[in-house]
Amino acid sequence: MTALSENDWRLVREESLTGPMCMALDAVAAETAVAGGPRTVRVYQWEPATLSLGYHQNPEDIDWDFCKREGITVTRRPTGGGAIYHDTYGDISYSIIAPADELPPT
């Protein structure tokens with residue numbers, strides 16, 4: 001395992017972003033880290049409220065009419081797990097992005 005201190009890290013503090021933009025920025029940060037670029041810690045909020053689906057989650061499980069009626073964006077996360085609701089006001093999210101072999105095991 002490579003020591004975390006041997007690589008450059010960046011902290012990105014962002015304002016509220018749309019769900020698709022939040023996930024796109026995580027994907028770019030992951031591609032950058034794998035290519036040898038800086039590792040990233042991101043802190044962000046969601047605007048509008050967003051339902052993020054896990055990578056393998058079936059979109060048929062979602063009540064699309066409810067989401068549309070309530071103005072909830074739906075996006076897919078690059079990670080697993082089930083759906084997570086991200087509130088516009090109370091949800092503060094973070095990502096720690098680095099190659100897996102540089103992070104402690106879960």
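User: A crossover is right-handed if, with the strands pointing away from the viewer, the path from the first strand over the helix to the second runs clockwise. Which elements make a right-handed β-α-β unit here?
Analyst: This is a predicted model: local features need pLDDT of at least 70, side-chain atom pairs need 80 or more, and totals for chains, interfaces and linings use all residues. Residues are numbered from 1 along each chain, and side-chain values use heavy atoms, without hydrogens or water. Helices (H or I, at least four residues) and strands (E, at least two) are DSSP runs numbered from the N terminus. The right-handed unit is made by β1, α1 and β2.

User: What is the strand order of the sheet that holds β1?
Analyst: This sheet is open and has 3 strands. Its pairing is mixed; two strands pair if DSSP finds at least two bridges between them. The order is β1-β2-β6.

User: Why do β1 and β6 each have one side without a neighbour in this sheet?
Analyst: β1 covers 9–17. β1 and β6 stand at the edges, so one side of each has no neighbour in the sheet. Each has a single partner strand.

User: By how many degrees are neighbouring strands of this sheet turned against each other?
Analyst: The value is an average, and direction is ignored. Axes are lines fitted to C-alpha atoms, for helices over the stretch in contact, with angles from 0 to 180 degrees between N-to-C directions. The turn is 15 degrees.

User: How many bridges join β1 to β2?
Analyst: The two strands run parallel. Trp9 has Arg39 in β2 as its bridge partner. Ser16 stands opposite Gln45, also in β2. The number of bridges is 7.

User: What angle does the direction of α1 make with that of β2?
Analyst: α1 packs on the β1-β2-β6 sheet. The helix touches β1, β2 and β6, where contact means heavy atoms within 4.5 Å. Its direction and that of β2 make about 180 degrees.

User: Do β2 and β6 pair in the parallel or antiparallel sense, and what is the bridge partner of Val43?
Analyst: β2 and β6 pair over 5 bridges, in the antiparallel sense. Val43 has its bridge partner in β6. That partner is Tyr94.

User: Which residues does the cis peptide bond join?
Analyst: Look after β2, in the loop leading to β3 (50–53); Pro48 lies in that loop. Omega is about 0 degrees at the cis bond. The bond joins Glu47 and Pro48.

User: Which are the edge strands of the sheet that contains β3?
Analyst: This is an open sheet of 3 strands with mixed pairing, in the order β4-β3-β5. An edge strand here pairs on one side only. The edge strands are β4 (73–76) and β5.

User: By how many degrees are neighbouring strands of the β4-β3-β5 sheet turned against each other?
Analyst: Again the value is an average that ignores direction. The turn is 25 degrees.

User: Which residue in β4 stands opposite Leu53?
Analyst: β3 and β4 pair in the parallel sense. Their pairing covers 4 bridges. Opposite Leu53 stands Arg76.

User: What angle does the direction of α1 make with that of β4?
Analyst: α1 packs on this sheet, touching β3 and β4. The direction of α1 makes with that of β4 an angle of about 20 degrees.
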